[in-house]
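Colleague: I've got a structure open on my screen and I'd like to learn how to read it properly. Could you walk me through it, one feature at a time?

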Amino acid sequence: MKSWFVHAVFYTMVAVAVSGVKGFAQSTHYTTNSGIVRFSSKTPLENIEAENKNGQAILNTSTGEIAVRMTMKNFNFPNKLMQEHFNENYMESEKFPTGTFSGKVETSIDYSRDGLYDVTATGKFTVHGVTKSRSIQGKMNIASGKITITADFQVALSDHKIEVPQIVFVKIAQQIQVQAQFVLMPVNK
Amino acid sequence: MKLYRILLLLVIPAMSQAQDDLLNQLQKSDSIQAYPVTATFKSTRIVNGQSVETMKRKHLDFRISHRFGRVNSGAYQFFGLDQATMRMGFEYGVTDRFMVGVGRSTSQKVYDFFGKYKLIQQTSGAKHIPVSVTLFGGTGLATVNRELEFQDKIYYTAQVLIARKFGERFSMQVSPSYLYRNKSLVVGDDKLLWAVGIGGRYKLSKRVSVNAEYFWTAREKNTPTAPYYDSMSVGVDIETGGHVFQLHFTNSLGMIEKQFIGETTGSWGKGDIHYGFNMSRTFSFDRKNRKSAP
């Protein structure tokens, strides 16, 4: 009887401890709503560039899990007709409004120490409604309580069923160069 | 040791769903309130009438439009194709919301000038605006009759274009219209004419849509002194990036508001239908992208 009581108290304490740990885990989240994502299509005939300044990212430093989300309509082209064609004809932004990445940082990092790290994140990359498993390499700079993530990678149009008809008069590269920069701040600050 | 195991058991299930949770969190914290609803129509015209679309900044739209003769004119006239009237237009986006245009129609030798301003942009998202509204104002000079005083060659048009894109495929527009001729073409017609246009498009694929429009005029139709009908048109838009081809059938011969709203003499019921097309080619004068649009 007495040992039952001791156990009960013990488990209650564990539960409190765990919830405390979970509460602590919340503050290990780093996030931003103003990440910058640029892409460029380079061909000998024409370069097309666009920029999205409202990229979202969240990183859980206790697990290494990371998610990135961007809204296609936030990609800003200097040429607004191109922007309309991008949304209307290529990305079909009404049907597929966002591009996302959700995965895990494979490299083990001590987030409490400042420094520049080469990192690899593996997970699901979704654009134009098509999900691909991808491993994306980048750099992580931890300094003064902020985590800056930068990554350069390529996206093949054919991987995501983005069709460019033969009749189009402007050349669009089959491989799109993507540059991303996210400055993440701790969530509870 | 026991404590550690319990901890582990409690934490693992919480972790497995964490990745999707992170994405959901991002969705919740999306701070952008409004996304513009673009491409309500493929072109600045639905068929004959203006759409809510304006040319984008530093883009020039070179338009060549043709209307052939009536398809019921028989094999001798090759079902209308022997006769053609045309309008050539240069239309330019001053800002992303304001455009100006000039044109010349062979029918009645008209020079037309217009400005178009997008007053309200339809948006989706938390800050929701249900419609786009564009103001259109135009004037022109019909120079065919040299006997007329200069004043009498002039007409004015004003329209409020209200459109809504109801989803990816379907858009509708209502266009209250005002038309004033300093001198009407026939004695039985008033100088002032009110009309309401209704038009729409349905996208069959990413690049092809079916369009239709009808202009109801506030006057008696087909009177002995003013043999005019309401304008009705159906057509297909084909967009190839930079080019828009609009192919259609219409009972109007003219391609400017004065003519198709005010002076349509054909009747669908009698088969007075004209085949026609608008060809629109967009050139970009954006410094960074000297070449044409995609």
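Colleague: Let's start with burial. How much of chain A is made up of buried residues?

Modeller: One thing to keep in mind throughout is that this is a predicted model. A residue goes down as buried when its relative accessible area is under 20%. In chain A, which has 189 residues, the buried ones make up 48%. As for the surface, chain A exposes about 9700 Å², with carbon and sulfur atoms supplying 56% of that.

Colleague: And how many helices and strands does chain A have?

Modeller: There are 2 helices and 8 strands in chain A. Read from the N terminus, the order is α-β-β-β-α-β-β-β-β-β. You can also ask how far along the sequence the contacts reach. Take the contacts in chain A between residues at least 6 apart in sequence: 58% of them join residues at least 24 apart.

Colleague: Moving to chain B, why is strand β14 described as largely enclosed?

Modeller: Count its buried residues. Strand β14(B) covers residues 274-284, and 8 of its 11 residues are buried, so the rest of the structure largely encloses it. Then look at its partners. Strand β2(B), residues 59-70, runs antiparallel to β14(B), and 10 bridges join the two. To find that pairing on screen, go to B:Arg63, which sits opposite B:Ser280 of β14(B). Strand β13(B), residues 243-250, also pairs with β14(B), antiparallel and over 8 bridges. There, B:His248 has B:Gly276 as its bridge partner.

Colleague: Which way do side chains point along a strand?

Modeller: In a regular strand they alternate between the two faces of the sheet.

Colleague: Where can I see a hairpin in chain B?

Modeller: Go to β4(B) and β5(B), which form one with 4 residues between them. In the turn, B:Gln108 has a positive phi of about 65°. β4(B) spans residues 98-105 and β5(B) spans 110-120; they pair antiparallel over 8 bridges. B:Met99 is a handy marker, as it stands opposite B:Lys116 in β5(B). From β5(B) you can step on to β7(B), residues 132-142, which pairs with β5(B) in the antiparallel sense over 10 bridges. In that pairing B:Val110 faces B:Ala142 of β7(B).

Colleague: What about empty space? How many cavities of 30 Å³ or more are there?

Modeller: The structure holds 6 of them. With any cavity, check the volume, then who lines it, then the chemistry of the lining. The largest cavity has a volume of about 740 Å³. Its lining has 42 residues, and those nearest the centre are A:Val37, A:Phe125, A:Phe153, A:Val155 and A:Val178. Strand β5(A), residues 115-127, gives the largest share, 5 residues. By class, that lining has 35 nonpolar residues, 7 polar and no charged ones.

Colleague: And what lines the second largest cavity?

Modeller: That cavity holds about 260 Å³ of space. Among its 21 lining residues, A:Leu81, A:Glu84, B:Lys42, B:Ser43 and B:Val244 lie closest to the centre. The elements giving two or more residues are α2 of chain A plus β2 and β14 of chain B, and α2(A) gives the most, with 5. Here the classes are 5 nonpolar, 8 polar and 8 charged.

Colleague: Can we read a pocket in that way too? Which residues lie closest to the centre of the second largest pocket?

Modeller: Sure, the steps carry over. The second largest pocket has about 420 Å³ of space. It is lined by 21 residues, and closest to the centre are A:Lys80, A:Gln83, B:Pro36, B:Thr38 and B:Gln121. Two elements give two or more residues: α2 (80-90) of chain A and β1 (35-36) of chain B. The largest share, 4 residues, comes from α2(A). The lining divides into 6 nonpolar, 7 polar and 8 charged residues.

Colleague: Last one, a single residue. Is B:Ile261 buried or exposed?

Modeller: Buried, because its relative accessible area is 2%, and the cut-off is under 20%. B:Ile261 lies in helix α3(B), residues 257-262. Beyond its neighbours within four places in sequence, its contacts include B:Gln159, B:Leu179, B:Phe215 and B:Arg219. B:Val196 is 65 residues away from B:Ile261 in sequence, with 9.3 Å between their C-alpha atoms.

Terms used
Residues numbered from 1 in each chain as written. Chains lettered and ligands numbered in written order. Predicted model: local features only at pLDDT ≥ 70, side-chain atom pairs only at ≥ 80, totals over all residues. Heavy atoms only, no water. Buried < 20%, exposed > 50% of the residue type's maximum accessible area, 1.4 Å probe, protein only. Contact = heavy atoms within 4.5 Å. Areas by Shrake-Rupley, 256 points an atom, 1.4 Å probe, with all protein chains shown as cover. Pairing = 2+ DSSP bridges. 1 Å grid on protein atoms, 1.4 Å probe; cavity = no way out; pocket = protein on both sides within 12 Å on 5 of 7 lines; lining within 4 Å. Points joined across faces, edges and corners; volume = space filled by probe spheres on them. Nonpolar A, V, L, I, M, F, W, Y, C, P; charged D, E, K, R; others polar.
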